[in-house]
2 protein chains.
Amino acid sequence: MSHGHLGHPDEMPDITARQRVVLKFIVQEYVHRGRPVGSKELSERSTIGVSSATIRNEMADLEGAGLVQALHTSGGRIPTDKGYRYFVHHLLDEAELPAVDQIMIRHQFRQVEVQLERWVELAAAVLAETAGNVSVVTAPRPAVPRLRHFELIGLQPRLALLILVTHESLVRQVMVHWPEPVDQATLSRLADAIAGEVSGLTAAEIAARPRATDGTARFVLAQVEAALRGLETVGDTEVRHSGLQNMLAQPEFGGTDAQRLLDLLRGGAFLNAVLPQLAHHADVQVFIGDENPSNDLHRFGIVVSTYGIDGEVTGLLGVVGPTRMAYGRSISSVRYMARLMSDLMADLHSA
Amino acid sequence: MSHGHLGHPDEMPDITARQRVVLKFIVQEYVHRGRPVGSKELSERSTIGVSSATIRNEMADLEGAGLVQALHTSGGRIPTDKGYRYFVHHLLDEAELPAVDQIMIRHQFRQVEVQLERWVELAAAVLAETAGNVSVVTAPRPAVPRLRHFELIGLQPRLALLILVTHESLVRQVMVHWPEPVDQATLSRLADAIAGEVSGLTAAEIAARPRATDGTARFVLAQVEAALRGLETVGDTEVRHSGLQNMLAQPEFGGTDAQRLLDLLRGGAFLNAVLPQLAHHADVQVFIGDENPSNDLHRFGIVVSTYGIDGEVTGLLGVVGPTRMAYGRSISSVRYMARLMSDLMADLHSA
DNA sequence: ATTAGCACTCCGGAAGCGAGAGTGCTAATG
DNA sequence: CATTAGCACTCTCGCTTCCGGAGTGCTAAT
């Protein structure tokens with residue numbers, strides 16, 4: 001039952017089997033109903049079969065171990081961050097995402113199968129839906145993009161569209177302003193002439209090539225290189241999110257918390273906070289409350305995974321919610337979506 | 001001072017010059033501070049120079065005309081929807097967007113000038129910022145897209161990327177599954193062979209052409225036509241929004257209203273509600289409270305405009321906020337952004 | 001080890017209260 | 001006749017007070 005991959009490796013306090021049952025019930029019940037769990041409720045609604053007084057003793061122990069806390073003298077117990085952590089590590093019944101959901105999701109992806117640009121958007125929407133939280137997805141990004149193909153399309157005498165396709169099937173378009181007027185025929189000829197030479201190269205390799213003699217060709221190459229390099233820089237990785245409604249619906253997230261999260265997502269601060277934490281892990285990772293790197297995320301729970309093809313293309317995908325969130329369901333969803341997206345990328349890439 | 005273009009053409013009640021001053025003050029003050037305006041406050045803080053008792057009489061008249069209302073016996077007055085409408089029609093000092101903002105915006109656009117895909121995103125962000133509300137922008141959509149260029153790039157033996165560029169410089173990429181394996185050389189040859197023939201045509205025109213004899217060519221054409229037709233359908237116009245933080249920050253929009261708006265924006269319901277209203281107007285339009293088509297929008301104010309090139313490419317762009325919003329600033333922002341986006345499109349298109 | 005019983009604490013909603021703000025009306029004023 | 005000072009009235013809002021309910025820890029009995 002121990003899953004070393006889901007997060008912090010800290011050793012957890014030893015507690016008895018019955019205490020584990022109590023903790024598990026508290027977490028599940030609190031996540032579900034949103035209010036603290038009392039000893040009487042637990043005794044009656046669970047199958048534990050001991051009286052509330054016994055539960056109270058167990059709860060006191062759990063509180064001593066720092067796994068639950070009482071907000072007020074008579075308010076029942078809620079899990080601490082550590083309690084959630086213990087739950088995720090040792091108590092979670094890891095189920096696959098229900099087959100119904102899997103089928104539904106695959107069906108939706110089949111609808112937009114031919115539209116690459118929509119995958120990320122759909123992934124975010126689906127993830128938000130199945131996990132019931134705010135989802136966060138970045139577009140797949142090649143580690144070192146290699147040029148597969150490029151094309152020049154004249155828009156105006158001195159303006160053209162440069163479209164490039166990488167080996168990873170990512171398409172990028174930039175506008176190019178020419179120093180002097182160039183017609184479409186010349187553009188096509190240029191593209192054809194150069195394309196073969198630089199196909200399969202990275203930005204760095206293009207830059208390192210012996211210079212082309214022709215001035216225009218050199219200019220084109222410089223543009224291609226710049227565009228390709230643009231794909232390398234993390235700077236423009238945009239975070240797609242979805243499902244904010246889910247979050248606003250949570251009682252504890254009325255106003256300011258939702259705002260704070262939005263601000264984090266917008267400026268890229270979210271990525272910068274989360275990315276460094278998960279470089280080397282392949283599976284789903286969970287950050288709970290104050291385990292989170294950034295102070296601004298202390299009231300949140302995060303479940304993330306990377307997806308893509310080892311060492312070549314990677315994207316990030318996860319859900320964010322209040323600390324009190326359904327980690328089980330989120331983990332299943334994230335894991336499934338990561339696998340699905342990876343498969344999709346692989347199909348594209350394997351050629 | 002009368003602006004027929006800003007919305008409903010209904011005749012407005014006749015009120016005295018001083019009542020207009022009072023109404024104007026009430027609207028501005030209420031929009032700014034968010035709480036009802038009393039007679040004493042108005043008498044003291046404005047330059048009107050009459051006593052509170054006089055104001056009270058004027059207010060009573062305004063209430064009789066349905067332009068303001070008192071929430072409670074002693075709560076001061078707030079504008080009614082009709083009051084806002086009168087304000088927007090007759091009382092608004094229409095200023096251009098401040099030069100500082102204009103410069104700042106142009107500067108930001110210059111940063112992403114070469115990246116077409118980012119224009120819409122940036123427009124949404126900027127609009128949310130300058131108007132201080134939720135912004136809503138759709139990507140430009142050609143009325144009848146004409147093919148300018150297309151390209152086939154093999155990803156795998158039986159899988160290729162079809163990239164097409166319309167006359168309006170919109171780029172679309174779809175994946176194409178071949179019935180049988182095709183190599184890149186064949187693809188390029190096919191594309192070259194067909195491109196010239198169908199360049200400049202609409203989907204309908206392509207469909208109407210005499211059939212090509214070659215089976216593969218026919219298949220390619222069918223794909224091109226389908227992709228082009230995909231651009232025609234309104235279905236996939238996605239609404240880009242931004243600035244939800246601004247809205248959450250408003251006291252009256254804590255939870256459910258923001259949720260409702262998000263739901264509207266997500267499903268395309270927003271577009272369906274707003275679009276039919278503004279087909280024939282060129283300038284900015286304003287919908288206030290219950291003037292809005294959809295019931296779900298009754299608590300909102302909407303300022304929208306279309307942008308693009310007459311009859312060829314159009315997009316929509318606007319801001320949504322609580323009924324109590326700064327219409328003046330929103331109108332300036334929307335008008336300016338619509339013009340800017342139109343100019344950008346024109347630059348692309350004029351060739 | 002478990003549990004019934006009990007005194008204790010604290011939250012949360014209801015009720016009560018007073019200050020403050022704003023109103024409409026009336027009578028006085030220029 | 002328009003304006004204004006004065007006044008009695010009303011209503012909100014924030015504050016306190018006051019239980020009922022729920023949950024706890026402790027103790028003594030089983």
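# Two chains and two DNA strands: a working chat

Guide: Chain A has 13 helices and 11 strands. Both are DSSP runs, numbered from the N terminus: helices are H or I with at least four residues, strands are E with at least two. The model is predicted: local features need pLDDT of at least 70, side-chain atom pairs count only at pLDDT 80 or more, and totals for chains, interfaces and linings use all residues. Residues are numbered from 1 along each chain as its sequence is written, while chains are lettered from A and ligands numbered from 1 in the order in which they are written.

Visitor: What is the radius of gyration of chain A?

Guide: It is 26 Å for chain A, where a compact globule of 351 residues would have a value near 20 Å. The radius is taken over C-alpha atoms, and the globule rule is 2.2 Å times the number of residues to the power 0.38.

Visitor: And what box do the C-alpha atoms fill?

Guide: Roughly 90 × 35 × 35 Å for chain A, along the principal axes.

Visitor: How much of chain A is buried?

Guide: Buried residues make up 42% of the 351 in chain A. Buried means 20 or more other C-beta atoms within 10 Å of the residue's own; exposed means 12 or fewer, and partly exposed lies in between, with C-beta atoms placed from the backbone.

Visitor: What share of contacts in chain A is long-range, 24 or more positions apart?

Guide: 63% of the contacts in chain A with a separation of 6 or more. A contact needs two C-beta atoms, placed from the backbone, within 7 Å.

Visitor: Switching to the pair. How does chain A lie on chain B?

Guide: A turn of 180 degrees and a shift of 0.0 Å along the axis lay chain A on chain B, with an RMSD of 0.1 Å. That is the relation of a two-fold axis. The same surface serves both copies: 100% of the contact residues of chain A recur in chain B. The superposition is by least squares on C-alpha atoms of residues with pLDDT of at least 70 in both copies.

Visitor: How many residues are in contact between chain A and chain B?

Guide: 32 residues of chain A are in contact with 32 of chain B. On the chain A side, β5 (147-156), β6 (159-166), β7 (171-177), α10 (244-249) and α11 (256-267) each supply at least two residues. The largest share, 6 residues, comes from β5(A). By class, that side has 17 nonpolar, 10 polar and 5 charged residues. Nonpolar covers Ala, Val, Leu, Ile, Met, Phe, Trp, Tyr, Cys and Pro; charged covers Asp, Glu, Lys and Arg; the others, Gly among them, are polar.

Visitor: Now DNA. Which residues come nearest to strand D?

Guide: G38(A), S39(A), S74(A), V50(B) and T73(B), out of 23 residues around DNA strand D. Near means a C-beta atom, placed from the backbone, within 6 Å of the strand. α2 (39-45) and α3 (52-64) of chain A and α3 (52-64) of chain B each supply at least two residues there. α3(A) gives the largest share, 4 residues. The surface near DNA strand D divides into 6 nonpolar, 13 polar and 4 charged.

Visitor: Which ones come nearest to strand C?

Guide: V50(A), H72(A), T73(A), G38(B) and S39(B), of the 22 residues around DNA strand C. Two or more residues each come from α3 of chain A and from α2 (39-45) and α3 of chain B. The largest share, 4 residues, is from α3(B). By class, the surface near DNA strand C has 6 nonpolar, 12 polar and 4 charged.

Visitor: How many residues are in the largest nonpolar core?

Guide: The core has 184 residues, and those with the most contacts inside it are L162(A), V224(A), L317(A), L162(B) and V224(B). A nonpolar core joins buried Ala, Val, Leu, Ile, Met, Phe, Trp, Tyr and Cys residues through C-beta atoms within 7 Å.

Visitor: What does V224(A) touch?

Guide: L147(A), F150(A), L162(A), L164(A), V198(A) and I206(A), leaving out residues up to four places away in sequence.

Visitor: Backbone next. Which phi does S169(A) have?

Guide: A positive one of about 70 degrees, although S169(A) is not a glycine. S169(A) sits in the loop between β6 and β7 of chain A.

Visitor: Is S169(A) buried or exposed?

Guide: S169(A) is buried, because 23 other C-beta atoms lie within 10 Å. S169(B) also has a positive phi of about 70 degrees.

Visitor: Last one. Where is G132(B)?

Guide: In the loop between α6 (117-131) and β3 (134-138) of chain B. G132(B) touches N246(B) and A326(B), not counting residues up to four places away in sequence.
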